[in-house]
Every structure is written in structure tokens, then in C-alpha cells.
Amino acid sequence: MNSTPQAMDIERILGLLPHRYPFLLVDRVVECVAGSHIKAYKNVTFNEPFFQGHFPGVPIMPGVLILEALAQTGGLLAASSLEGSLGDKLFLFTGLDQVKFRRQVVPGDRLDLECSNMRMKLKLCKLEAKAFVDGQLACEALITAALGDRK
């Protein structure tokens, strides 16, 4: 595995993840060390479709979407550790533990996404995930996911 930090632009992200608009929640990877850690971000804009209903007049990014952004970031780390795209595999949630929401995420925020301490055993992956806004912890969780077949 390559221990040199790598960045990923949106083209590379699209090549590794199956997600597309409006559900792709990672804009850029600023640092990824396969098998170790990843740092990415999502620019949160008022144009996000979920703000129409969550909540009218008080736009707040849903917590489940913050967790999804963290899971997609973890999927990118897993894909980079496999040295290729997920191909015919999907990175599927199997568990979320110790989830805590610490601050609201609103339009104009840059959601910084970090996953680390990845452990792979057979097809299961566990990792620590944290999301920040302006250096403040917004969300944290222990994510468990499985690499499953797309079919």
C-alpha cells in the first residue's frame, strides 16, 4: 500500500464511488493515505435539495446526511486501500455506534470529513469518523460497513 498522501478531485471521486447527484456528498479529498486515514470536504450550499424541507425558513443539514457524507468518505478510504474502484462492490452500512451531533451544519459551511483507524476483517470495515465546521466538531461516529456485491 502507498503511504504517500494523495488528493482526489471530483473526477477521481466519481471513478471510485457509485453515488451521483443529488446524493454524492463529498466534493474533494485533500489527503488520503491508503489503509490509514482520509480528509475530505463537502461544501454545503443553500441549493442542496434537502434544504427545501429541512426546515423551511431554518435550513439545517440533516444528521443522517452528515453520516452519509462520512460513510462516503470512508468508502473512498476503503476503495483507495483496495487500490482501485469499488467496481462491482458497494460499501454498505452495517452499523453506527457512538453517534453524537455536536453542532448544526447550515448553508455556507464547509463540512470537513475525516475517517481514520480503519480496520478491515474479511468483508467488514470499521472506522472512526468525524465531521467539523470551522474546526468545531459537528458529528462523530464509529462506522461499520461491509463490502457487498452490487448485484
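Buried means under 20% relative accessible area and exposed means over 50%, with partly exposed in between. The model in these views is predicted.

**View 1. Arg 110 pairs up with Asp 112 in a salt bridge.** The two side chains come to 2.7 Å, N to O. Arg 110 has a relative accessibility of 37%; that lies between the 20% and 50% cut-offs, so Arg 110 counts as partly exposed. This is a close-up of one salt bridge, while the structure holds four salt bridges. Strand β5, residues 110-121, takes in this stretch of the chain.

**View 2. Arg 103 reaches Asp 109 in another salt bridge.** Here the N to O distance is 3.5 Å. How exposed is each partner, Arg 103 and Asp 109? Arg 103 is partly exposed, with 27% relative accessible area. Asp 109, at 10%, falls under the 20% cut-off and so counts as buried.

**View 3. Lys 42 and Glu 48 make a salt bridge out of two buried residues.** Their side chains meet at 3.0 Å, N to O. Lys 42 is buried, and Glu 48 is buried too. On the Lys 42 side, the chain belongs to strand β3, which covers residues 37-43.

**View 4. β2 and β3 fold back on each other as a hairpin.** Strand β2 (residues 28-33) and strand β3 (residues 37-43) run antiparallel and are joined by five bridges. Three residues sit between the two strands. Look in the turn for Gly 35, which has a positive phi of about 80°. Across the hairpin, Val 29 stands opposite Ala 40, and Glu 31 stands opposite Lys 39. When you follow the side chains along a strand, keep this in mind: in a regular strand they alternate between the two faces of the sheet.

**View 5. β3 also has β5 as a partner.** How many bridges join β3 to β5? Seven do, and the two strands run antiparallel. A handy pair for finding your place is His 37, which stands opposite Ser 116 in β5.

**View 6. β1 lines up with β2.** Strand β1 spans residues 6-8 and runs antiparallel to β2, with two bridges between them. Met 8 stands opposite Val 29, the residue that also stands opposite Ala 40 in β3. Ala 7 is part of β1 as well. Is Ala 7 buried or exposed? At 57% relative accessibility, Ala 7 is over the 50% cut-off and therefore counts as exposed. Leaving out residues up to four places away in sequence, Ala 7 touches Val 29 and Val 30. Ala 7 and Arg 28 are 21 residues apart along the chain, yet their C-alpha atoms are 7.8 Å apart in space.

**View 7. Glu 140 holds on to Arg 102 through a polar contact.** Glu 140 sits in strand β7, residues 136-149. Its side chain makes a polar contact with the side chain of Arg 102 at 2.8 Å. Glu 140 has 19% relative accessibility, under the 20% cut-off, so Glu 140 counts as buried. Which residues surround it, leaving aside those within four places in sequence? Glu 140 is in contact with Gln 98, Val 99, Lys 100, Arg 102, Ala 129 and Lys 130.

**View 8. The cysteines here go without disulfides.** The structure holds zero disulfides. Cys 32 is in no disulfide, and the nearest cysteine sulfur, that of Cys 115, is 9.8 Å away. Cys 115 is in no disulfide either, with the nearest cysteine sulfur, that of Cys 125, 8.7 Å away. A disulfide would need the two sulfurs within 2.5 Å. Cys 32 is buried at 3% relative accessible area, and Cys 115 is buried at 1%.

**View 9. Helix α2 is mostly tucked inside.** The helix runs over residues 63-81, which makes 19 residues. Of these, 17 are buried, so α2 is largely enclosed by the rest of the structure. How far apart are its end C-alpha atoms? They are 27 Å apart, which agrees with the 27 Å that the helix should span at 1.5 Å a residue.

Methods
Residues are numbered from 1 along each chain as its sequence is written. This is a predicted model: local features need pLDDT of at least 70, side-chain atom pairs count only at pLDDT 80 or more; totals for chains, interfaces and linings use all residues. Side-chain values use heavy atoms; hydrogens and water are left out. Helices (H or I, at least four residues) and strands (E, at least two) are DSSP runs, numbered from the N terminus. The expected span of a helix is 1.5 Å times one less than its number of residues. Buried means under 20% relative accessible area, exposed over 50%, partly exposed in between (1.4 Å probe, protein chains only). A polar contact is a pair of N or O atoms within 3.5 Å; within protein, one must be able to donate a hydrogen and the other to accept it, and residues adjacent in sequence count only if both atoms are side-chain atoms. Contact means heavy atoms within 4.5 Å. Two strands pair if DSSP finds at least two bridges between them.
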